[in-house]
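Student: Please take a close look at the charged side chains of one part of this model. I would like the pairings and how far each residue is covered.

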Amino acid sequence: MSYRIAGIDVHKKMLAVVVCDVDVEGEYQFERRRVGTSPDQLRSLAGWLAEREVEEVVMESTAQYWRPVWDALERHWQPRRRMREDAGPMSGTVHLAQAQSNRGARGRKKDFPDAERLVKRLVAQELTLSFVPDVEQRLWRTVMRRKYQVTRNRVQLHNRLECLLEEAHIKVSSLVTDLLGASARRMLQAVADGETKPVTIAALRQAIGRVAAGVAAK
């Protein structure tokens, strides 16, 4: 019984796709196809792989360009393979290979030969494969990474601002707890507008405090 594996060499605007039956003796006979990377073309690719009865797919982790390809296969191809009555334990599996493990001679890049090499090295277990979590876990990873990035950017901005003020001998941080808060912004705006009297600048913090107390009392 034939067992087909597809190899995909990923580019920004184009995919080089090869399919072959690896359960044969002698040289592999590859079927080649170029595919675009638009959503419609990726759905078409998933349908074509299902029609060709491809059991596994392997692609290279090229920058971020592999992500939409992975998502399309996971959504449109993988379920069709796994729901078949004759589906095996590896049916519908998508592999992500690290680029370093699929380098050709002298590091040269060639579309279809690279895709064919992916298949050959997957069968020979010579690829270094990356773990890709499921959809929900990827979503949570994205959310937490964005949250961490926003927090880190805020801390960096706070530290750069305080360093700049200290170099200019402006002690705003001794009057407020947060240089990015409302009071600090009022003070810094006054300094930017040319105010030089410390008493006037400090009074802006008191004014903010009185307004906040009035709002709380109401």
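Tutor: What follows deals with helix 3 and its charged residues, then with a further set of salt bridges. This is a predicted model, in which local features need pLDDT of at least 70, side-chain atom pairs count only at pLDDT 80 or more, and totals for chains, interfaces and linings use all residues. Residues are numbered from 1 along each chain as its sequence is written, and side-chain values use heavy atoms, with hydrogens and water left out.

Helix 3 covers residues 111-123; helices (H or I, at least four residues) and strands (E, at least two) are DSSP runs, numbered from the N terminus. The structure holds eleven salt bridges, each a side-chain nitrogen of Lys or Arg within 4 Å of a carboxyl oxygen of Asp or Glu. One of them joins aspartate 111 to arginine 34, with the closest N and O atoms 3.3 Å apart. This pair links distant parts of the chain, since arginine 34 sits in strand 3 (residues 31-36), 77 residues from aspartate 111. Aspartate 111 is partly exposed because its relative accessibility is 22%; buried means under 20% relative accessible area, exposed over 50%, and partly exposed in between (1.4 Å probe, protein chains only).

Within the helix, aspartate 114 forms a salt bridge with arginine 117 at 2.9 Å between the closest N and O atoms. Aspartate 114 counts as buried at 2%, and arginine 117 does at 17%. Glutamate 116, at 13%, is buried as well, and touches Val18, Phe30 and Arg32 (heavy atoms within 4.5 Å), leaving aside residues up to four places away in sequence.

Elsewhere, Asp71, Glu74 and Arg138 form a network of salt bridges.
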